[in-house]
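Please open the model in a viewer and keep the selection panel at hand. The tour below moves from one selection to the next and states what is found at each stop.

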Amino acid sequence: MALVVRAFPVDDRVRVDSFVREMHDRASEAREFYTSFGVRRETWFYQHHPRGAGSVVIGVTDVEDPLEPKAEQYAEASDSFATWFKAHVYALSGVDPDTAPLGPPTEIVHDSSGGTLPTDGTLVVRAYPLQDRGGLQGFIGELREKRSETRGFYERHAAEEAWFLQNTDDGDIVIAVLATNDPERAARTYAESKDPFDLWFKQRVIELSGIDPNRTPLGPPSEQIFDFIA
């Protein structure tokens with residue numbers, strides 16, 4: 001599995017929704033398009049940019065390894081559906097799939113699952129503003145040092161999570177991809193937890209992003225707007 005997570009800048013929700021409707025209207029072509037590139041699932045989330053005045057569409061794509069040949073194949077695709085799809089991506093975001101087929105670059109910085117994040121269930125995807133890149137690296141280092149406590153944290157809340165760091169024109173953001181069978185339970189147990197590790201974890205989130213997990217345990221609100229499953 002290769003997990004590709006990117007935030008695309010957008011400034012027109014109406015056009016985004018129109019694109020999504022067309023994707024549903026052309027569902028059979030979309031299925032052929034995705035499966036031709038080995039995509040097992042692709043989900044889009046709409047969110048107001050956590051550091052700017054605009055919005056982003058966050059794409060989460062689960063694609064077969066190896067990734068690079070699939071990206072090159074997509075960049076070179078010139079059939080009618082691929083051309084139509086890429087033209088919409090470029091018009092909505094300014095990102096050209098012919099030159100940047102994987103979208104704006106991101107770096108995976110944390111994965112509680114060790115590379116096996118389950119993407120066949122419910123995904124909660126949120127972009128957090130990052131106030132201190134060095135602080136993030138320090139936090140990740142602490143999580144690695146506290147490996148058994150970190151493992152217990154994710155088991156306690158019945159979730160797995162991966163974080164992706166992305167630089168945008170408005171500053172750094174961290175995109176968190178949470179996989180859980182019960183988002184409401186995970187949010188409740190996390191927000192209410194008084195476990196010492198959980199309290200420490202939540203305080204680090206506040207310090208790094210300004211987002212208080214005690215009030216919004218799942219992070220800044222986002223809306224799932226599209227979901228393809230092979």
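The stops that follow cover a sheet, a helix pair, two pockets and two cavities in this predicted model.

**The sheet of E4 to E7**

Begin by selecting strands E4, E5, E6 and E7. These four strands form an open sheet in the order E4-E6-E7-E5, with antiparallel pairing. E4 (106-111) and E5 (122-129) stand at the edges with a single partner strand each, so one side of each has no neighbour in the sheet. From one strand to the next, the twist averages 20°.

Next, restrict the view to E4 and E6 (residues 159-168). The two run antiparallel and are joined by five bridges. Within this pair, His 110 is found opposite Trp 163 of E6. Now add helix H6 (residues 147-156), which lies across E4 and E6 and runs at about 105° to E6.

**The largest pocket**

Keep E4 and H6 displayed and add helix H5 (133-145). Each of these three elements supplies at least two residues of the lining of the largest pocket. Its volume is about 240 Å³. The lining comprises 13 residues, and those nearest the centre are His 110, Asp 111, Ser 112, Arg 147 and Thr 150. Colouring the lining by class gives five nonpolar, four polar and four charged residues.

**The second largest pocket**

Select strand E1 (2-10) and strand E3 (55-63) together with E6; each supplies at least two residues of the lining of the second largest pocket. Which element provides the largest share of this lining? That element is E6, with three residues. The pocket holds about 200 Å³ of space. Residues to display in its lining include Ala 7, Pro 9, His 49, Ser 55, Gln 166, Asn 167 and Thr 168. By class, the lining divides into five nonpolar, five polar and two charged residues.

**The H2 and H4 pair**

Select helix H2 (residues 27-36) and helix H4 (residues 80-93), which pack at an angle of about 90° with their axes 10 Å apart. H2 is therefore roughly perpendicular to H4. To see the contact, show Glu 29, Ala 30, Phe 33 and Tyr 34 of H2 and Phe 81, Ala 82 and Phe 85 of H4. Six of the residues in this contact are nonpolar, none is polar and one is charged.

**The largest cavity**

The model contains three cavities of 30 Å³ or more. In the largest, about 530 Å³ of space is found. It is lined by 29 residues, with Phe 8, Glu 42, Thr 61, Tyr 74 and Phe 85 closest to the centre. Phe 85 also belongs to the H2 and H4 contact just visited. To frame the cavity, select E1, helix H1 (13-25), H2, strand E2 (39-48), E3, helix H3 (67-76) and H4, each of which supplies at least two lining residues. The lining holds 22 nonpolar, four polar and three charged residues.

**The second largest cavity**

For the last stop, select E5, H5, H6, E6, strand E7 (171-180), helix H7 (183-192) and helix H8 (196-209); each supplies at least two residues of the lining of the second largest cavity. About 440 Å³ of space lies here. Of the 28 lining residues, Tyr 128, Glu 161, Trp 163, Phe 201 and Val 205 lie nearest the centre. Trp 163 is the residue that stands opposite His 110 in the sheet. The lining has 23 nonpolar, three polar and two charged residues.

Conventions
Residues are numbered from 1 along each chain as its sequence is written. This is a predicted model: local features need pLDDT of at least 70, side-chain atom pairs count only at pLDDT 80 or more; totals for chains, interfaces and linings use all residues. Side-chain values use heavy atoms; hydrogens and water are left out. Two strands pair if DSSP finds at least two bridges between them. Axes are lines fitted to C-alpha atoms, for helices over the stretch in contact, and angles run from 0 to 180 degrees between N-to-C directions. Contact means heavy atoms within 4.5 Å. On a 1 Å grid over the protein atoms alone, a cavity is a set of points where a 1.4 Å probe fits but cannot get out, and a pocket is an open set with protein on both sides within 12 Å along at least five of seven lines; lining residues have an atom within 4 Å of a point. Grid points are joined across faces, edges and corners, and a volume is the space filled by probe spheres set on the points. Ala, Val, Leu, Ile, Met, Phe, Trp, Tyr, Cys and Pro count as nonpolar, Asp, Glu, Lys and Arg as charged, and the others, Gly among them, as polar. Angles under 35 degrees count as roughly parallel, over 145 as roughly antiparallel, 65 to 115 as roughly perpendicular and the rest as oblique.
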